[in-house]
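Here is a short set of exercises to work through with the model open beside you. Try each task before you read its solution.

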Amino acid sequence: MKRERHSAILALIEKEEIPTQEVLRQRMAEQGFDVTQATLSRDIRELKLTKVHRGSSHRTCYAPPAPAEPAGGSFWHTAALRTDFSGNIAVIHCQTGTAQAVAASLDALHHEHVVGTIAGDDTIFVLLRTEKQARQFAENFAKYRETGGV
């Protein structure tokens with residue numbers, strides 16, 4: 001049941017701007033999941049959801065977590081320079097000579113929305129399943145890079 005609930009939460013935040021736990025609880029109820037605020041709060045923590053600015057109103061809404069960096073490494077913060085996206089492809093611009101290492105670390109994460117990566121010397125193309133996922137991936141990666149994972 002928990003796995004199905006987590007999948008439903010992730011699907012909802014991918015499709016819609018969900019600004020609060022109450023809105024998320026209501027949308028979950030509409031899909032047949034009667035969850036308490038405490039359970040929903042625990043699910044949000046377990047899924048490591050973040051809040052990002054989305055939409056024309058730039059209000060904060062739930063989003064999947066930023067990509068996690070492999071333990072012991074902080075090179076994403078220094079290797080990656082900027083991100084962008086076009087269609088369902090996220091692009092990561094890196095320091096010269098670091099793109100393949102960053103791409104390999106991304107591949108090792110087995111991110112559910114990432115179909116695959118292609119790395120050159122200083123650029124990575126990350127193929128995602130949808131345009132929305134590419135946008136969110138680029139935004140989350142940029143946030144992670146800017147904060148150093150904090």
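**Exercise 1. Find how many disulfides the structure holds, and say whether Cys61 and Cys94 are buried or exposed.**

Step 1. A disulfide is a covalent bond between the sulfur atoms of two cysteines. Here the test is a pair of cysteine sulfur atoms within 2.5 Å.
Step 2. With that cut-off, the structure holds zero disulfides.
Step 3. For burial, use relative accessible area: under 20% is buried, over 50% is exposed, and values in between are partly exposed (1.4 Å probe, protein chains only). Cys61 has 0% relative accessibility, so it counts as buried. Cys94, at 4%, is buried as well.

A word on the source: this is a predicted model, in which local features need pLDDT of at least 70 and side-chain atom pairs count only at pLDDT 80 or more, while totals for chains, interfaces and linings use all residues. Residues are numbered from 1 along each chain as its sequence is written, and side-chain values use heavy atoms, with hydrogens and water left out.

**Exercise 2. Write down the order of helices and strands from the N terminus on.**

Step 1. Take the elements as DSSP runs numbered from the N terminus: helices are H or I with at least four residues, strands are E with at least two.
Step 2. That gives six helices and six strands.
Step 3. Their order is α-α-α-β-β-α-β-β-α-β-β-α.
Step 4. As a check on one element, helix H1 (residues 2-15) has 14 residues. Its expected span is 1.5 Å times one less than its number of residues. From first C-alpha to last, H1 reaches 20 Å, close to the 20 Å expected.
Step 5. Buried residues of H1 include Ala8, Ile9 and Leu12.

**Exercise 3. Describe the largest nonpolar core and say which helix gives the most to this core.**

Step 1. A nonpolar core is a set of buried Ala, Val, Leu, Ile, Met, Phe, Trp, Tyr and Cys residues joined through side-chain atoms within 4.5 Å.
Step 2. The largest one has 19 residues, and Ile92, Val102, Leu106, Ile124, Val126, Phe137 and Phe141 touch the most other members.
Step 3. At least two residues each come from helix H4 (75-79), strand S4 (89-94), helix H5 (99-109), strand S6 (123-128) and helix H6 (131-147). H6 gives the most, with five residues.
Step 4. Do not stop there: a second, separate core has 14 residues, among them Ala8, Leu12, Ile18 and Leu49.

**Exercise 4. Classify the ring pair formed by Phe137 and Phe141.**

Step 1. Rings of Phe, Tyr and Trp (its six-membered ring) pair if their centres lie within 6.5 Å; planes under 30 degrees apart are stacked, over 60 edge-to-face, and the rest tilted.
Step 2. This rule yields one aromatic pair. The ring centres of Phe137 and Phe141 are 6.2 Å apart and the planes lie at 20°, so the pair is stacked.
Step 3. Both residues are buried. They sit four residues apart in helix H6, so about one helical turn separates them.

**Exercise 5. Locate Lys48 and His110, which have a positive phi although neither is a glycine.**

Step 1. Lys48 has a phi of about 55° and lies in the loop between H3 and strand S1 (50-54). Lys48 is exposed, at 59% relative accessible area.
Step 2. His110 also has a phi of about 55°, and is found in the loop between H5 and strand S5 (114-119). His110 is exposed, at 68%.
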